[in-house]
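Hi,

Here is the structure I promised to pass on. Have a look at it first, and my notes on what turned up are underneath.

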Amino acid sequence: MFKTYDHSTRVPCTAPVGGVIGGKFYKFGALFGCAVASAPAGKQFTLDRDGIWTVKVEAVAADIEPGSQVFWLAGRADAEFSNESAVGAVLVGVALGTVETGDTTEIDVVISPFPLTISAEALEDAGGADA
């Protein structure tokens, strides 16, 4: 047995249609992370899947405190990271900072290499969606 990559949380990916922008977060199937550098469609790039990142986070329904769950949803208007567990959102990490309800602030977030996508069924089962 041998190790294929120097750092197992940095993985090679192929850029999708439209390419990727370095420093921006992406989800590809079960992989979530930050593109280390920009790459055009079809070219290989490195996706960094974990670590502590300073990102803009919006506190939607309650204050965010250290230890709060942080979700990511591509295309959110103010910030792609929030404490909102909406359908399609991905649980990606844990807050290390504080954001008051209604505010959007840059804080440190511990990003997990194992994101969890929130399904409509799971949200409904948790009482977070109207039946």
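S3 and strand S4 (residues 44-48) run antiparallel to each other, paired over two bridges. Within that pairing, cysteine 34 has aspartate 48 of S4 as its bridge partner. Bear in mind throughout that this is a predicted model.

S3 also pairs with strand S2 (residues 25-28), again in the antiparallel sense, here over four bridges. On that side, tyrosine 26 sits opposite glycine 33 of S3. S2 and S3 make a hairpin with two residues between them, and glycine 29 in the turn has a positive phi of about 60 degrees. How enclosed is S3 (residues 31-35)? Four of its five residues are buried, so the rest of the structure largely encloses this strand.

Next, the barrel. It is closed by five strands, in the order S5-S7-S6-S8-S9, and the pairing is mixed. One piece of it is the contact between S5 and strand S7 (residues 81-82), which pair in the parallel sense over two bridges. There, glutamate 58 stands opposite serine 82 in S7.

Strand S9 (residues 104-117) is where you will find valine 109. Valine 109 has a relative accessible area of 0%, so it counts as buried. In sequence, valine 109 and valine 94 are 15 residues apart, yet their C-alpha atoms are 5.6 Å apart in space. Valine 110 is in strand S9 as well, but with a relative accessible area of 33% valine 110 is partly exposed. Valine 110 also helps make a nonpolar surface patch of about 310 Å², together with Ile52, Val94 and Leu96.

Now the charges, which may be the part you want for your own setup. Side chains of opposite charge can pair when their charged atoms come close. How many salt bridges are there? The count comes to four.

Aspartate 48, which you met above as the partner of cysteine 34, forms one with arginine 10, and the closest N and O atoms are 3.2 Å apart. Aspartate 48 belongs to strand S4 and arginine 10 to strand S1 (residues 10-14), so this pair ties together parts that are 38 residues apart in sequence. The two ends differ in cover: aspartate 48 is buried, at a relative accessible area of 9%, whereas arginine 10 is partly exposed, at 38%.

Another salt bridge joins lysine 24 and glutamate 80, with 3.7 Å between the closest N and O atoms. Lysine 24 lies in the loop between S1 and S2, while glutamate 80 lies in the loop between S6 and S7, so the pair ties together parts that are 56 residues apart in sequence. Is lysine 24 buried or partly exposed? At 33% relative accessibility, lysine 24 counts as partly exposed. Glutamate 80, on the other hand, is buried, with a relative accessible area of 19%; the cut-off for buried is under 20%.

Then there is arginine 76, whose side chain meets that of glutamate 58 in a salt bridge (2.9 Å, N to O). This pair links distant parts of the chain, with arginine 76 in the loop between S6 and S7 and glutamate 58 in strand S5, 18 residues apart. Salt bridges with shared partners join Glu58, Arg76 and Glu84 into one network. As for cover, arginine 76 counts as buried at 18% relative accessibility, and glutamate 58 counts as buried at 14%. Glutamate 58 is thus worth a look in your viewer from two sides: it faces serine 82 of S7, and its side chain meets arginine 76.

Last, the surface charge. Which residues gather in a patch of negative charge? They are Asp63, Glu65, Glu100 and Asp103, on the surface. Aspartate 63 is in the loop between strand S5 (51-58) and strand S6 (69-72). With 40% relative accessibility, aspartate 63 counts as partly exposed.

Cheers

Terms used: Residues are numbered from 1 along each chain as its sequence is written. This is a predicted model: local features need pLDDT of at least 70, side-chain atom pairs count only at pLDDT 80 or more; totals for chains, interfaces and linings use all residues. Side-chain values use heavy atoms; hydrogens and water are left out. Patches are made of residues with over 30% relative accessible area and no salt bridge: like charges are joined within 9 Å, nonpolar side chains (Val, Leu, Ile, Met, Phe, Trp, Tyr) within 5 Å. Accessible areas come from the Shrake-Rupley method with a 1.4 Å probe; for residues, only the protein chains shown count as cover. Lys and Arg count as positive and Asp and Glu as negative; His and the chain ends are not counted. The place of a charge is taken as NZ of Lys, CZ of Arg, CG of Asp or CD of Glu. Buried means under 20% relative accessible area, exposed over 50%, partly exposed in between (1.4 Å probe, protein chains only). Two strands pair if DSSP finds at least two bridges between them.
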